[in-house]
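Hi,

Here is the structure I promised to pass on. Please open it first; my notes follow below.

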Amino acid sequence: MRTIIINDLIKANNYQTYLELGVDTGNNFSNITCKYKRGVDLKPIEGHFSYLNQRLFIGTTNQYFETIPETFDIIFIDADHESGQWQMDVKNSLDRLNDGGVIVCHDVLPEKEAHQKIPRVSEEWTGDVWKGWMRLRNTRPDLTMAVINKDWGCGLITLGNQKCTNILEDDLTWSNFRVRKKKWLPIVKEIPNEFK
């Protein structure tokens, strides 16, 4: 589903440049239709895509942002799933986002408590990306944010404006998230008009 969402955003906005943080097997990356694509992964799984036909940076996302000064229309974040590094990836991505661009973030909606545990305790794992998401909702009135309720939660971020939440760090618990996520995130069914 993430691939469809990303390609729909590319088509709707006539985006020309795409960055993917966390390529893994290359399954999503190879199915993105965009004129220029760049992938970043510390340990991409070899044999799943051609290194000659794709632009792949092998290293951490921090190393990539420190080394390569490119900017992009759309950036997909699916790399480190711990909230602190995820927030750093969002910050760096916002610095490299072209005017009118969108960041798509995977794994914002864990279904079970085990899925978001740090360190990882479950085969299906989102990490605590949702906590990083809520910290942005608390502190960044200059962003517009929404989470599409598909494929473990595909979060959308663009420059805009939003009313910040007033949620205390101590309130970012699984029991609160499970009950309040629809209000906190906010959750939508499809790409909102603000992103097209």
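Is R55 buried, partly exposed or exposed? R55 counts as partly exposed, at 38% relative accessibility. Keep in mind throughout that this is a predicted model.

R55 and its surroundings

R55 sits in strand β3, which covers residues 55–58. Set aside its neighbours within four places in sequence, and R55 is in contact with five residues: F29, Y36, K37, R38 and G39. For a distance to check in your viewer, take R55 and Y15. They are 40 residues apart along the chain, and their C-alpha atoms are separated by 17 Å.

The strands around β4

Next, look at strand β4, residues 72–77. β4 is mostly covered, with six of its six residues buried. It has strand partners in β1 and β5. Strand β1, residues 17–21, runs parallel to β4, and four bridges join the two. Strand β5, residues 97–105, also runs parallel to β4, with five bridges between them.

F76 is a handy marker here. Opposite F76 of β4 stands E20. In β5, the bridge partner of F76 is V104. When you follow the side chains, recall that in a regular strand they alternate between the two faces of the sheet.

Two helices that pack

Helix α4 spans residues 83–95, and helix α5 spans residues 129–139. They pack at an angle of about 50°, and their axes are 8 Å apart. An angle of that kind falls outside the parallel, antiparallel and perpendicular ranges, and α4 and α5 are therefore oblique to each other. Their crossing is right-handed.

Which residues make the contact? From α4 come S83, W86, Q87 and V90. From α5 come V129, K131, G132, W133, R135 and L136. By type, the residues of this contact divide into five nonpolar, three polar and two charged.

Backbone points to check

Most residues other than glycine have a negative phi, and most peptide bonds are trans. The model has some exceptions, and these are worth a look.

Two cis bonds come up:
- The peptide bond from I118 to P119 is cis, with omega near 0°. P119 is in the loop between β5 and α5.
- A cis peptide bond also joins L185 and P186, where omega is about -15°. P186 is in the loop between α6 (174–184) and β8 (187–188).

Two aspartates have a positive phi:
- D24 has phi near 55°, a positive value in a residue other than glycine. D24 is placed in the loop between β1 and α2 (27–30).
- D107 has phi near 70°, again positive in a residue other than glycine. D107 lies in the loop between β5 and α5.

Are D24 and D107 buried or exposed? D24 is partly exposed, with a relative accessible area of 40%. D107 counts as buried because its relative accessibility is 5%, and the cut-off for buried is under 20%.

To recap the places to visit: R55 in β3, F76 with its partner V104 in β5, the right-handed crossing of α4 and α5, the cis bond from I118 to P119, and D107 with its positive phi.

Best wishes

Technical notes. Residues numbered from 1 in each chain as written. Predicted model: local features only at pLDDT ≥ 70, side-chain atom pairs only at ≥ 80, totals over all residues. Heavy atoms only, no water. Axes fitted to C-alpha atoms, helices over the stretch in contact; angles between N-to-C directions. Parallel < 35°, antiparallel > 145°, perpendicular 65-115°, else oblique. Left-handed = near helix turned anticlockwise from the far one by under 90°. Contact = heavy atoms within 4.5 Å. Nonpolar A, V, L, I, M, F, W, Y, C, P; charged D, E, K, R; others polar. Buried < 20%, exposed > 50% of the residue type's maximum accessible area, 1.4 Å probe, protein only. Pairing = 2+ DSSP bridges.
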